[in-house]
Amino acid sequence: MRAQPVTGPRLGRVHGFNDETKRLGESILRYAAERLALDPVPLDSPRTPAELDAVAGGAISAKGIGGQSALELFEDELALACLSTDHPRYLSFIPCAPTREAAMFDLVVGASSIYGGSWLEGAGAVYAENQALRWIANLAGLPESAGGGFVQGGTIGNLSALVTARETVRARTGARPFRVASTPGSHSSIASACQVMDTELVGVPVGDDLRLTGAALRQVLLDEGPESFFAVVATAGTTNLGVIDDLESVAAVCEEFGIWFHVDGAYGGAGLAAPSIRANYAGVERADSFIVDPHKWLFAPFDCCALLYRDPPLARAAHTQHASYLDVLTEKPDWNPTDYSIGLTRRARGLPFWFSLVANGTDAYTEAIEGTLRVARFAEDEVSRRDYLEVVHHSDLTVVVFRRLGWGPRDYQQWSDRLLERQEGFVVPTSHAGETLARFAIVNPRTTTDDIVVILDSMA
Ligand SMILES: *Cc1c(COP(=O)(O)O)cnc(C)c1O
């Protein structure tokens, strides 16, 4: 007797497409289109778990409430409890300001069930992602052979690059170097990567300009023993102050000692597309690995980090996962993005960025980045002009860190809270050298000089 096919009515109800799901599709597209058209989008504000329990506590039930009601719950309650990181006056941390094209295409990626980990399964998507990676590699001046993949964020990008650096030394020499050199200004993800790798992070002292230099690096390497290091991390745009390390002299020292040269451009790497500041990145073309987050200053939606290697086979050797059920993929010479980083399953998260590049053209990117640089220069001038404010450190990029004379930590926090309460802006305090300060990070082309004036006025 033949087995009966198992297609229960419940399964069909969830996965089938009928009039009801068609209407829901229209509602979802309407919501997305309206959200993207909001100008400006409301800033919104967080709510407490108890407040959210009160409106959404029992949302998951045995029978379900239907798509339209679930969408309403999100639209009317949960969405309002999420800050809009693309608001022109969201200037905290590093905002995210996707182009309309990139944000819209993210819906397509979600609808398409593409497996982005292997060429076999996602060739078209991987091809497009590699094209976008090539644009970045060209901006950095990396060789034709350079390549990598899009990963979740700078944290995974940095970790993946450092793992490749260490495995490369181990494969070549059998040694087990256990140190990474960087500056105190490098991003917290570098310390986190070292912790995951059980590696010691050695800080290289910096001068008044806060930049890592080859001379200081060389001294630290000689003092500590260069053979104990497997990588040096230079930052092309520190997160807090926008400092670009002296990549040229650092590259020369890395070459001298044969140490892997990683450049973390998660935030600042986008400036490679801006002719007015391109000279600050001289030396980046000598990097063994390089990252930039398109979800920061390259106008892609979360979560998207471009990870590039000068010599991709080294990364492939370090990261390819081997298993009987994967042999069909890994025994071929195909380009499988998953082989170049931590992680196996991956969303084709570089596609929205690719789509926007194709649609808008790269000149539009250059113009948008230059525009944010002009607004940042305006903000710095405007701070200098006001007698109650003071620039802390001139930035190469679009972060502006400044002090309000006479204020202590509580004043900054109360001002920041008030700003959000009044829905006038989201600007959280930062600190540098133990002092609480104000900080703008401007990556949104829709942030205007008027926005800056309004916020600075509120500190008078
Ligand atoms: C933001 C940032 C990171 C971390 O990137 P995520 O995408 O947040 O994981 C790393 N390095 C620098 C310099 C950054 O600004």
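## Exercises around Lys296 and the ligand

UniProt, in an unreviewed entry, lists Lys296 under "modified residue: N6-(pyridoxal phosphate)lysine". Keep in mind that this is a predicted model.

**Exercise 1.** Place lysine 296 in the fold and decide: is lysine 296 buried or exposed?

*Solution.* Start with the secondary structure: lysine 296 sits in helix α11, which covers residues 294-297. Next, take the relative accessibility, 14%. The cut-off for buried is under 20%, so lysine 296 counts as buried at its 14%. Finally, look at what touches it. Skipping the neighbours within four places in sequence, lysine 296 is in contact with Ile94, Pro95, Ala266, Tyr267 and Val443.

**Exercise 2.** Describe the shell around the ligand: how many residues surround the ligand, and which are the closest?

*Solution.* Count first: 14 residues surround the ligand. Lys296 turns up again here, as the closest ones are Thr155, Thr239, Asp264, Asp293 and Lys296. Then sort the shell by type, which gives nine polar, three charged and two nonpolar residues. Now ask where they come from. Helices α7 (154-173) and α11 each provide at least two shell residues, and α7 has the largest share, with three.

**Exercise 3.** Find polar atoms of the protein close to the ligand's oxygen and nitrogen atoms, then work out how much of the ligand the protein buries.

*Solution.* Go through the pairs one by one:

- For glycine 154, the backbone does the job: an N or O atom there is 2.8 Å from a ligand oxygen.
- For threonine 155, pick the side chain, where a polar atom lies 2.7 Å from an oxygen atom of the ligand.
- For aspartate 264, a side-chain N or O atom is 2.6 Å from a nitrogen atom of the ligand.

Now the area: the ligand taken alone exposes 380 Å², and the protein buries 86% of that.

**Exercise 4.** Hunt down some unusual backbone geometry. Which residues does a cis peptide bond join, and where do they lie?

*Solution.* Here's the background: most peptide bonds are trans, and most residues other than glycine have a negative phi. Check omega first. Aspartate 39 and proline 40 are joined by a cis peptide bond, with omega about -5 degrees, and proline 40 is in the loop between α2 (19-37) and α3 (49-56). The bond from phenylalanine 302 to aspartate 303 is cis as well, omega being near -10 degrees; aspartate 303 falls in the loop between α11 and β7 (305-309).

Then check phi. Phenylalanine 93, in the loop between α4 (67-78) and α5 (100-111), has a positive phi near 45 degrees. Aspartate 198 has a positive phi too, about 50 degrees, and is exposed, with a relative accessible area of 71%.

Technical notes: Residues numbered from 1 in each chain as written. Predicted model: local features only at pLDDT ≥ 70, side-chain atom pairs only at ≥ 80, totals over all residues. Heavy atoms only, no water. UniProt positions renumbered as here; feature names shortened; annotations may be inferred. Helix = DSSP H or I, 4+ residues; strand = E, 2+ residues; numbered from the N terminus. Buried < 20%, exposed > 50% of the residue type's maximum accessible area, 1.4 Å probe, protein only. Contact = heavy atoms within 4.5 Å. Near = heavy atom within 4 Å. Polar contact = N/O pair within 3.5 Å; in protein donor to acceptor, adjacent residues only side chain to side chain. Areas by Shrake-Rupley, 256 points an atom, 1.4 Å probe, with all protein chains shown as cover. Nonpolar A, V, L, I, M, F, W, Y, C, P; charged D, E, K, R; others polar.
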